[in-house]
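Hi,

Here is the structure I promised to pass on. Have a look at it first, and my notes on what turned up are underneath.

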Amino acid sequence: MSSRSLVASPSLGLPIARMRSVFSADEVERKLAHLQASGNEREYEGLRNTWQRMLERGPQRFAVKPSGVPDMAPLYDLLPNFGEVLDDVKRHVALSQDSRDSLEVTPILLLGPPGVGKTHFAKQIADLLGTSMSLVPMSSMTAGWLLSGSSSQWKGAKPGKVFEALVDGQYANPVIVVDEIDKASADAQYDPLGALYSLLEHDTAQNFVDEFAEVPIDASQVIWITTANDERAIPEPILNRMNVFEIEAPSPKAARKIAAHLYRSILGEHDWGLRFDPEPSDDVLDQLACLAPREMRRALVTAFGNARLDNRYSVAADDLPKAGAGKSRIGFLQ
């Protein structure tokens with residue numbers, strides 16, 4: 001798969017973008033011609049439509065990277081419990097600078113309890129690098145074909161999530177988040193993690209074959225972020241392919257910073273936010289700091305709504321939902 005320069009704007013601080021082929025159009029044309037010659041187009045209508053869509057979209061996708069090592073201070077402030085992971089990402093970004101090399105990030109495993117912000121971290125990294133993010137929830141996955149596609153001979157078959165991210169998306173190097181990888185369940189026929197053995201290795205990922213499309217796809221530039229609560233449920237060969245980072249719940253001081261950032265972020269996302277106090281009170285921050293980061297946003301939206309019902313544009317601690325009995329750090333009673 002080839003790549004060529006498209007944009008390089010280090011003076012403006014914009015991402016550097018290159019165009020990279022994620023599949024061979026010639027190979028797709030051969031497959032399509034063979035299908036048409038076989039007379040089985042109606043039987044394999046979904047496969048034909050997929051190949052035609054690939055040719056219409058073309059194989060070129062953006063491969064982006066920051067034009068310099070970005071100022072990540074705001075992320076360290078927003079995600080204080082992800083400092084080591086941010087250090088690792090910064091190292092990879094630095095290595096890709098001043099060269100034509102693409103940005104390569106060793107697959108990451110974020111290991112920690114629910115609600116500490118692992119998925120939110122992945123979205124922030126995608127935004128930092130200027131690429132897209134796709135989420136694959138492994139807790140609901142019962143077969144490996146959700147990642148790698150299922151054979152076109154099966155009824156209802158379709159391409160997998162990797163194909164969707166690369167062929168249907170805009171980027172050759174999207175962030176793909178495999179969420180709760182330790183929750184994947186397998187039956188007697190399929191291994192939900194089977195596709196990852198090749199996808200997490202740079203060399204084999206260059207020619208990853210989606211079982212539905214039956215065409216090699218270059219998935220070597222994908223930035224993999226996986227999350228888990230318990231590493232014991234992850235096969236050792238998968239663990240060995242990733243850098244593992246244990247993510248602790250934020251300290252009370254850090255939790256207050258996260259809550260304050262979320263407060264300002266929500267205000268900035270809504271027109272009604274212009275009317276509210278620009279900063280939360282200490283009482284509100286104290287109460288929010290007792291929650292897991294994933295619960296803070298929901299609690300704040302509830303509090304804003306309660307304040308307006310009381311004809312106020314100032315959020316009080318009593319506006320926040322009460323923590324559910326026996327559910328420390330998780331769950332609310334509205």
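Strand 3 is the biggest contributor to the lining of the largest cavity, giving 3 residues. Bear in mind that this is a predicted model, so everything below is computed from predicted coordinates. Strand 2 (16-21) and strand 3 (60-65) are the elements with at least two residues each in that lining. The full set of lining residues is Ile16, Arg18, Ala63, Val64, Lys65, Asp101, Ser102, Leu103, Asn173 and Gln221. Sorted by class, that makes 4 nonpolar, 3 polar and 3 charged residues. The volume of this largest cavity is about 50 Å³. With a threshold of 30 Å³ or more, the count is 1 cavity.

The pocket

The largest pocket holds about 400 Å³ of space. Its lining runs to 23 residues, and the ones nearest the centre are Gly117, Lys118, His120, Pro293 and Arg294. Helix 5 (118-129), helix 11 (252-269) and helix 13 each put at least two residues into the lining. By class the pocket lining splits into 8 nonpolar, 10 polar and 5 charged residues.

Where does the largest pocket lie with respect to domain 1 (16-246) and domain 2 (252-319)? It lies between them, because both domains give residues to its lining.

The nonpolar cores

The largest nonpolar core has 44 residues, and the members that touch the most others are Trp51, Ile181, Leu196 and Trp224. Two or more residues of this core come from each of helix 1 (25-38), helix 2 (45-57), strand 4 (108-111), helix 7 (161-168), strand 6, helix 8, strand 9 (223-228) and helix 10 (236-239). Helix 7 has the largest share, at 5 residues. There is also a second, separate core of 25 residues, with Met72, Phe82, Val116 and Ile225 among its members. As background, nonpolar side chains in soluble globular proteins tend to be buried together.

Ile181 is a handy place to start browsing. Leaving out residues up to four places away in sequence, isoleucine 181 touches Leu109, Met138, Leu193, Leu196, Thr226, Thr227, Ala228, Ile234 and Ile238. One of those partners, Leu196, is also listed with Ile181 among the core members that touch the most others.

Two backbone angles to look at

Right before Ile181 in the numbering comes glutamate 180, which has a positive phi, near 55 degrees, without being a glycine. Glutamate 180 sits in the loop between strand 6 (175-179) and helix 8 (196-199). Is glutamate 180 partly exposed or buried? It is partly exposed, because its relative accessibility is 23% and the buried class stops under 20%.

Asparagine 311 is another residue other than glycine with a positive phi, here near 60 degrees. Its place is the loop between helix 13 (293-309) and strand 11 (322-323). Asparagine 311 counts as exposed because its relative accessible area is 65%, and the exposed class begins over 50%.

Two spots with partly exposed residues

Lysine 322 belongs to strand 11. Its relative accessibility of 44% puts lysine 322 in the partly exposed class. From lysine 322 to alanine 299 the C-alpha to C-alpha distance is 9.0 Å, with their positions 23 residues apart in sequence.

Tyrosine 76 is in helix 3 (residues 73-78). At a relative accessible area of 24%, tyrosine 76 is partly exposed too. Which residues is tyrosine 76 in contact with, leaving aside neighbours within four places in sequence? They are Gly83, Leu86, Asp87 and Lys90. For aspartate 87, the C-alpha to C-alpha distance from tyrosine 76 is 9.4 Å, and the two are 11 residues apart in sequence.

The overall picture

In total, the protein has 13 helices and 12 strands. Of its 334 residues, 47% are buried. Among contacts with a separation of 6 or more, 72% join residues 24 or more positions apart.

That's the handover. Shout if anything is unclear.

Cheers

Note on methods
Residues numbered from 1 in each chain as written. Predicted model: local features only at pLDDT ≥ 70, side-chain atom pairs only at ≥ 80, totals over all residues. Heavy atoms only, no water. 1 Å grid on protein atoms, 1.4 Å probe; cavity = no way out; pocket = protein on both sides within 12 Å on 5 of 7 lines; lining within 4 Å. Points joined across faces, edges and corners; volume = space filled by probe spheres on them. Helix = DSSP H or I, 4+ residues; strand = E, 2+ residues; numbered from the N terminus. Nonpolar A, V, L, I, M, F, W, Y, C, P; charged D, E, K, R; others polar. Buried < 20%, exposed > 50% of the residue type's maximum accessible area, 1.4 Å probe, protein only. Core = buried A, V, L, I, M, F, W, Y, C linked by side-chain atoms within 4.5 Å. Contact = heavy atoms within 4.5 Å. Domains from an automatic or database assignment.
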